[in-house]
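Me: I'd like a close look at one part of this model, the helix that sits among the buried pieces, together with whatever surrounds it. Could you walk me through it in one go?

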Amino acid sequence: MKPKLLITRQIFDEVLARLLPHFEVESNQTDAEWSRAELLARVADKDALFVVTSDRVDADLLAAAPRLAIVATGSVGFNHIDLNACTARGVLVTNTPDVLNEATADMAWALLMSAARRVCESEHWLRAGHWKRWAFDQFLGADLWRSTLGIVGMGRIGSAIARRARGFEMKVLYTNRSPAANEGELGAERVALTQLLERADHVVLVVPYSPATHHLIGERELALMKPGATLVNIARGGVVDDAALARALRAGRPAAAGLDVFENEPALDPALLALPNVALTPHIGSATRSSRVGMAMLAAENLLAFAAGNPLPTRVSR
Ligand code: DGY
């Protein structure tokens, strides 16, 4: 008998094809997310679960899934999974590191450049038919070349962002629990968060979400930023206090923001939606075909290793 696998999203055909010979698969074939009650009902007889970041895996879900032995998330972040509850129940947990590093770093740059150079704001203005003449002071933005970039969280994605900054001849500051091994190669200086916020022209957030990073950037931290600065959140909703950010952006400090993740996504703070100086994208940091297939395939490889009784390639649970 094949183990039973529940997949909460439609996945790529090539990934499903890898799984089908080894699992009895039930997956969500619709565009709609299953309700919590539906998810709990469907997981009740499953041995394995393939989730994404918006699926909460907690003690309640585990209680509803007595046979569950593995949860594979198709994401590098796993803050939606209660690791302690999984470990207590002996449920294995895996994630998808590395395969999304470069795509996510590219997206951080896309948001940074859009926000700093007012790309989205001026496009909306142009589409609305406001462009009547060229002017010297139209949509003046902030320089990137030879400016100072602050990276909050110098992990694998942070390093990929820093590597790209060298082409812009930027000074790179970063925060991290420990010095980055490639600090010299990146020409990066490790500083405290307050110093980074005070000195950087552009700040990119790439830290994982946890109770320790909840509202890491709130009213006090935003007030430390330079008046013309840009803030990019490519990390997780909740790392930034979105309501405080909306107030700060309205007051022009920071001057602009680029946000891919939000506190209550997919719902957004209406105050953010109303602001012109913020570029908004719907959690698409890793959304290139190769990156997303890589993520789904790595989740599948973990499930296949589990089914074969082999060590899991990217296990995060103890
Ligand atoms: C991740 O992998 O954690 C990204 O945020 C995509 O969900």
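**Helix α5 and its surroundings**

Reply: Let's start with what is tucked away: the buried residues of α5 are Asn101, Ala103, Thr104, Ala105, Met107, Ala108, Trp109, Leu111, Leu112, Ser114, Ala115 and Ala116. Keep in mind that this is a predicted model. That list makes 12 of the helix's 16 residues, so α5 is largely enclosed by the rest of the structure. Its length checks out too: α5 covers residues 101–116, and at 1.5 Å a residue it should span 22 Å, which agrees with the 22 Å between its end C-alpha atoms. After the helix comes Arg118, with a positive phi near 60°.

Two of those buried residues lead on to a loop. Met107 and Leu111 are among the contacts of Thr281, along with Leu259, Asp260 and Phe262, once its neighbours within four places in sequence are set aside. Thr281 belongs to the loop that runs between β12 (278–280) and α13 (289–308). It counts as buried because its relative accessibility is 15%, and the cut-off is under 20%. Its side chain also has a polar partner, the side chain of Asp260, at 2.7 Å.

Follow that loop on and you reach α13, which meets α5 again: α5 is part of what covers the buried residues of α13, and the cover also includes β1 (4–7), α1 (13–19), β3 (48–51), β4 (70–73) and β5 (92–94). Those buried residues are Ser291, Val293, Gly294, Met295, Ala296, Leu298, Ala299, Ala300, Asn302, Leu303, Leu304 and Ala305. The 20 residues of α13 should span 28 Å at 1.5 Å a residue, and the ends agree, with their C-alpha atoms 28 Å apart. Just past α13, Gly309 has a positive phi as well, about 75°.

Met295 also takes us to the ligand, as one of the residues surrounding it; the others are Thr53, Ser75, Val76, Gly77, Leu100, Arg236, His283 and Ser286. By class, that shell has three nonpolar, five polar and one charged residues. Ligand oxygen atoms come up in several short distances: an N or O atom in the Arg236 side chain is 2.6 Å from one, a backbone N or O atom of Val76 is 2.7 Å from one, and a polar side-chain atom of His283 is 2.7 Å from one. As for cover, the ligand alone exposes 230 Å², and the protein buries 86% of that.

Note on methods. Residues are numbered from 1 along each chain as its sequence is written. This is a predicted model: local features need pLDDT of at least 70, side-chain atom pairs count only at pLDDT 80 or more; totals for chains, interfaces and linings use all residues. Side-chain values use heavy atoms; hydrogens and water are left out. A residue is near a molecule or strand if one of its heavy atoms lies within 4 Å of it. A polar contact is a pair of N or O atoms within 3.5 Å; within protein, one must be able to donate a hydrogen and the other to accept it, and residues adjacent in sequence count only if both atoms are side-chain atoms. Accessible areas come from the Shrake-Rupley method with a 1.4 Å probe; for residues, only the protein chains shown count as cover. Ala, Val, Leu, Ile, Met, Phe, Trp, Tyr, Cys and Pro count as nonpolar, Asp, Glu, Lys and Arg as charged, and the others, Gly among them, as polar. Helices (H or I, at least four residues) and strands (E, at least two) are DSSP runs, numbered from the N terminus. Buried means under 20% relative accessible area, exposed over 50%, partly exposed in between (1.4 Å probe, protein chains only). Contact means heavy atoms within 4.5 Å. The expected span of a helix is 1.5 Å times one less than its number of residues.
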